[in-house]
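New to this one? Take a moment with the sequence and the 3D view, and then we'll walk through a few spots worth finding.

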Amino acid sequence: MEKFYITTPIYYVNDVPHIGHAYATIAADAAARFHRLAGRDVYFATGTDEHGLNIERVARAHGVAPQAWADRISTAFRDLWAGLHIAYDGYIRTTEPRHERVVQAIFTRLHEQGDIYKGTYEGWYCASCESFYSEAELGEDRTCAVHTGRPVEWNAEPCYLFRLSRYQDWIQSHIERHPGFIEPEAQRNEVLSFVRSGLRDISVSRSTFKWGVPLPFDPDQVAYVWIDALINYITVIGYGDDLEQFRRFWPADVHLVGRDILRFHAVIWPIVLHAAGLEPPRQVFATGFLTFGGQKFSKSLGIILDPVAVSRELAEASGAEPAVAVDALRYFLLREVPFGADGDFNQPALIGRFNADLANDYGNLLNRTLPLVARQFGGVLPTPGPAEGTDAALADLARAVVAAVGEHVGRLNFSQALAEVWRLLGAANKYIDEEAPWSAIKQGRTDRAGTILYNTLEALRIATIVLSPVMPVATQRVWEQLGIEQPLEDQRLEDARRWGSLSPGLRVRTGNPIFPRIDTRPRPVAAATAGEGGDPVSEITIEEFKRLDVRIGEVTAAERVPGTDKLVKLSVDIGDEARTLVAGIATHYQTADLIGRRIVVLANLQPRKVRGVESRGMLLAATWGDDEVAILTVDGAPPVGSRIS
Ligand code: MSP
């Protein structure tokens, strides 16, 4: 049996996870599930990176020991993965004894063969990246270019160095001879030019703090956290304690990594493996970065998007089962952004996809077909008659789509793979519209109506199997309504390839919509003004308008006003000063989601006390209906304080 071994980066436990971390993990999970569906022997590994200076400092700042801190955050990661339907085969924590033993074994070997030697290393260090940078790589005023504004520290200490330079020619020719080794192409070129510019030996141990794996040949030193972390990929499949399993899965087929950590994976890691006599991974694939409203997720800027909160909101807005909403988020992340490119996460796009793709194209196809089977055939799937009209074309398309999905997922091209499934769903919707079983029934051609319904449900069965890796729970719900006896998890890609596998005679189970549509229609403006009993708005002069000081502000903090349902207290930077505003938006916005947003503020409104809080200015928002509110936002990124005229 062909094997497939895929990994995510192991996540630092300095802080709780956000949607950026969830992104690569969801992608790896979908790929792993798809390869299982295709009948491969799959190992999917993830875990947490728990050593290093930064984590030691963060733990200390919280007044707990590093191990206790790591235990807490590692649990938060595992809880999140359970909530997001992540089915990993192995979870590794770098503080586990099995891992520490492997790290020590690799260091010993490299030391004994002279690849690691004692020396000193001097350079600028960013503790958040856990990485050294040359002067040229730094941002302004000696800050980290990755962690904007964060000062780097000068580091000079006795340590062990690894002879990266010795392997320069080897890695260069390896990358050159294996075009698919680094993906996407642009990232490969970037790494290749970095390698061609020359590799320096790197520091691989630290002596100024203790939170790491002690070197067996010099206990005053701990292993550099990055080497420690990279080694996880061999520990987790059994390098130290289950050699048989290790041999079955190594080399990894794909290491999924963020672009920011690509060099560690595509240069340093293959060299360490090669030096230790092990094969390099087959592919390192760099994922893009997700932003929110164009900004990086960042704790310091207050932009942290909790994927569970996002899906909970989606469930509340739609009335979908919470686990189905989680799957909708999984679908959205993989569909919306071509894998490998950067993408922006935003609520309207999520709702748009939910309504158009899931509620309409997928869910509604089921909801319009099953009741007809119930009504005309007593809920029992009829035996299809001879092919007519566009029947054969639909079957051909289904076969082509399943083949294309396999190819796209093989290249981690999730958005294209999903677009293919929607090509099938689109065709099936068109098929039922054009073949019109309801007309066949009216004409007394009940058999023909049965054939059309059979074919439509067959297209749905096939789409549901190939979608199951992306939406494992939601597809299960569809499967239940289709009434197919064999469990969805026992299906293989083979079953999706075979048109006509749906058994006549099975009893469908018409149920509630699995993806209930989210109502986004604004009420007509006229009705809203009339409802408020207001006079029609009278004209004003431009001079009157100019008296308004309307500006761009940025929310720096947000909290609910205690004892109220609707009120939020906002701290807003309006350019030359910080303002406190009170706004009635709590039923529509989570406070955490407001932080970092650019809003529009009427700055020269007379101050007013609201529930004991002085509000100095007003946040502008559209209001309609009984209780609908939407904050005004602006196009592009005008600086805070910009006047609106
Ligand atoms: N611990 C190291 C990885 C060691 S792997 C041997 C690390 N951890 S991290 O928690 O900081 O980041 C883990 C991954 O999350 C990285 O691949 C990083 O690119 C990714 N992401 C962090 N924020 C992200 C987004 N906003 N969007 C997409 N991916 C993001 O680095």
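Here is a quick tour of the ligand site, some strands and some salt bridges.

Keep in mind that this is a predicted model. The ligand has 22 residues around it, and the protein buries 91% of the 670 Å² that the ligand exposes when taken alone. Elsewhere, the salt bridge count comes to 42.

**Around the ligand**

- Ile 10, Asp 49, Gly 258, Asp 260 and Leu 290 come nearest to the ligand.
- Backbone contacts show up here: a ligand nitrogen atom sits 2.9 Å from a polar backbone atom of Ile 10, and a ligand nitrogen is also 2.9 Å from a polar backbone atom of Leu 290.
- Gly 20 joins in too, with a polar backbone atom 3.3 Å from a nitrogen of the ligand.
- By class, the shell is made up of 13 nonpolar, seven polar and two charged residues.
- Helix α7 gives the most to this shell, with three residues; β2, α1, α8 and β13 are among the other elements that supply at least two.

**Strands to look for**

- One open sheet has three strands in the order β16-β15-β17, with mixed pairing.
- Its edges are β16 (295-296) and β17 (343-345), each pairing on one side only.
- Strand β15 (residues 290-292) runs antiparallel to β16, with two bridges between them, and Thr 291 has Lys 296 in β16 as its bridge partner.
- In another part of the model, β3 (residues 41-49) and β4 run parallel, joined by four bridges; Thr 48 stands opposite Arg 93 in β4.
- On β4 (residues 90-93), Gly 90 and Ile 92 point one way while Tyr 91 and Arg 93 point the other, and all are buried.

**Salt bridges**

- Glu 2 and Arg 40 meet through their side chains at 3.5 Å, N to O, linking distant parts of the chain 38 residues apart.
- Glu 2 counts as exposed at 54% relative accessibility, whereas Arg 40 is partly exposed at 26%.
- Asp 342 pairs with Arg 259, their closest N and O atoms being 3.1 Å apart.
- Asp 342 lies in the loop between α12 and β17 and Arg 259 in the loop between β13 and α10, so this pair ties together parts that are 83 residues apart in sequence.
- Arg 399 and Asp 396 form a salt bridge at 3.0 Å, N to O; being three residues apart in helix α14, they are separated by about one helical turn.
- Finally, look for a network of salt bridges that links Glu 388, Asp 391, Glu 435, Arg 445 and Arg 448.

Note on methods
Residues numbered from 1 in each chain as written. Predicted model: local features only at pLDDT ≥ 70, side-chain atom pairs only at ≥ 80, totals over all residues. Heavy atoms only, no water. Pairing = 2+ DSSP bridges. Near = heavy atom within 4 Å. Polar contact = N/O pair within 3.5 Å; in protein donor to acceptor, adjacent residues only side chain to side chain. Areas by Shrake-Rupley, 256 points an atom, 1.4 Å probe, with all protein chains shown as cover. Nonpolar A, V, L, I, M, F, W, Y, C, P; charged D, E, K, R; others polar. Buried < 20%, exposed > 50% of the residue type's maximum accessible area, 1.4 Å probe, protein only. Salt bridge = Lys/Arg side-chain N within 4 Å of Asp/Glu carboxyl O.
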